[in-house]
Amino acid sequence: MSYFVHETAVVDDNVTIADGVKIWHFSHIQSGAVIGEGCSLGQNVNISNNVRIGRGCKIQNNVSLYEGVELEDWVFCGPSCVFTNDLTPRAKYPKGSVGYKRTLIKEGASIGANATIVCGHTVGKWALIGAGAVVACNVPDHALMLGVPARQRGWVCECGEVLGDTLVCAKCARQYSQTESGLEEK
């Protein structure tokens with residue numbers, strides 16, 4: 001085995017786990033899940049059926065990725081952040097997977113602790129969702145989203161530094177220009 005699964009974790013049949021993955025205490029990986037190379041899944045993480053996770057993702061303690069959620073490469077999910085997959089759930093009238101809305105978290109995005117991502121939306125590349133924010137809209141690339149409901153409060157560099165008005169990173173000197181989809185590196 002070229003990955004680590006803690007003895008208390010449960011990995012169902014028909015799961016694909018790439019090299020270098022670490023799955024910690026009390027986590028559950030369900031059938032059809034795909035986990036990319038070098039990912040780290042903290043304690044009590046649930047990866048539901050057919051969820052796809054890219055390379056290098058860090059999923060902190062108490063996060064559940066429900067069917068319909070996809071993480072591209074290098075996504076960070078802070079402790080206890082929440083993803084939904086049904087906009088109108090009812091216990092008495094379950095819809096199953098036909099009712100699930102797709103949620104895409106693009107490359108390098110970071111979701112803060114206790115943030116909620118409402119299903120059916122896309123979080124853009126290298127976006128930063130602040131702790132406790134509730135995202136109920138699509139998020140542009142490199143956007144800094146804060147509050148309830150989450151609103152854009154600025155822009156963030158690929159390295160994580162909040163950008164000023166010049167859109168030049170004071171930390172790594174990357175330069176950006178604004179496009180229809182958010183920011184793009186020059």
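Author: Buried means under 20% relative accessible area, exposed over 50%, and partly exposed in between. Keep in mind that this is a predicted model.

Reader: Is Trp24 buried, exposed or partly exposed?

Author: The relative accessible area of Trp24 is 31%. Buried needs under 20% and exposed needs over 50%, so Trp24 counts as partly exposed.

Reader: Okay, and which residue forms an aromatic pair with Trp24?

Author: There's one aromatic pair in the structure. Its rings sit 4.8 Å apart centre to centre, with 50° between the planes, so it's tilted: under 30 degrees would be stacked and over 60 edge-to-face. Trp24 lies in the loop between strand E4 and strand E5, and its partner is 20 residues apart, in strand E1. That partner, partly exposed at 33%, is Phe4.

Reader: E1 belongs to an open sheet, right at one edge; which strand is the other edge?

Author: Nine strands make up that open sheet, with mixed pairing, in the order E1-E4-E7-E10-E13-E16-E19-E21-E22. An edge strand here pairs on one side only, and besides E1 that goes for strand E22.

Reader: Within that sheet, what is the bridge partner of Ile129 in E21?

Author: Strand E19 covers residues 128–129 and pairs with strand E21, residues 143–146, in the parallel sense over two bridges. The partner of Ile129 there is Met145.

Reader: Over to His121: buried or exposed?

Author: His121 sits in the loop between strand E17 and strand E18. A polar atom of its side chain lies 2.9 Å from the backbone oxygen of Val118, and one lies 3.2 Å from that of Ala136. Since its relative accessibility is 15% and the cut-off is under 20%, His121 counts as buried.

Technical notes:
Residues are numbered from 1 along each chain as its sequence is written. This is a predicted model: local features need pLDDT of at least 70, side-chain atom pairs count only at pLDDT 80 or more; totals for chains, interfaces and linings use all residues. Side-chain values use heavy atoms; hydrogens and water are left out. Rings of Phe, Tyr and Trp (its six-membered ring) pair if their centres lie within 6.5 Å; planes under 30 degrees apart count as stacked, over 60 as edge-to-face and the rest as tilted. Helices (H or I, at least four residues) and strands (E, at least two) are DSSP runs, numbered from the N terminus. Buried means under 20% relative accessible area, exposed over 50%, partly exposed in between (1.4 Å probe, protein chains only). Two strands pair if DSSP finds at least two bridges between them. A polar contact is a pair of N or O atoms within 3.5 Å; within protein, one must be able to donate a hydrogen and the other to accept it, and residues adjacent in sequence count only if both atoms are side-chain atoms.
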